[in-house]
Amino acid sequence: QVQLVESGGGLVQPGGSLRLSCAASGSIFSIYTMDWYRQAPGKQRELVATITSGGSTSYASSVKGRFTISRDNAKNTVYLQMNSLKPEDTAVYYCNTKPPAGRWGQGTQVTVSS
């Protein structure tokens, strides 16, 4: 079982930046591919970024060029650097393993508004 705690969200103006963190515990973190998801009210949860155990990354088209996923295995932490934020990025952001663990964390709220 992997336990996941997301943090770093908040209120930011359009064009601003945030850095999200996901602290993992309960398993061997370094072997897992890790994902960031987001879910806006009334919407499906969507995959926004992925990083493999070897450091390969991929992104949803909507965030490519603006978001960067990274990991620090020594800290059991995965990050999501979000730049040039847009109102449509407003959502609760979650991290998880791939395949996802059965229990999701609480997520962290990101609100982009002027």
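Which hand does the disulfide of cysteine 22 and cysteine 95 have, right or left? It's right-handed, because the torsion about the S-S bond is about 60°. Keep in mind that this is a predicted model. Beyond the disulfide, there's a cis peptide bond between lysine 98 and proline 99 to look at, plus positive phi values at asparagine 76 and serine 84.

**The disulfide**
- A search of the whole structure turns up one disulfide, and it joins cysteine 22 to cysteine 95 with an S to S distance of 1.7 Å.
- The pair ties together distant parts of the chain: cysteine 22 sits in strand β3 (residues 18-25) and cysteine 95 in strand β9, 73 residues apart.
- Cysteine 22 and cysteine 95 are both buried, as each has under 20% relative accessible area.

**The cis peptide bond**
- Lysine 98 and proline 99 are joined by a cis peptide bond, with omega at about 0°.
- Proline 99 belongs to the loop that runs between β9 (91-98) and β10 (108-112).

**Positive phi outside glycine**
- Asparagine 76 isn't a glycine, yet its phi is positive, near 50°.
- You'll find asparagine 76 in the loop between β7 (67-72) and β8 (77-82); its relative accessibility is 27%, so it counts as partly exposed.
- Serine 84 isn't a glycine either, and its phi is positive at about 50°.
- Serine 84 is in the loop between β8 and β9, and with a relative accessible area of 40% it's partly exposed.

How values were computed:
Residues are numbered from 1 along each chain as its sequence is written. This is a predicted model: local features need pLDDT of at least 70, side-chain atom pairs count only at pLDDT 80 or more; totals for chains, interfaces and linings use all residues. Side-chain values use heavy atoms; hydrogens and water are left out. Helices (H or I, at least four residues) and strands (E, at least two) are DSSP runs, numbered from the N terminus. Buried means under 20% relative accessible area, exposed over 50%, partly exposed in between (1.4 Å probe, protein chains only). A disulfide is a pair of cysteine sulfur atoms within 2.5 Å.
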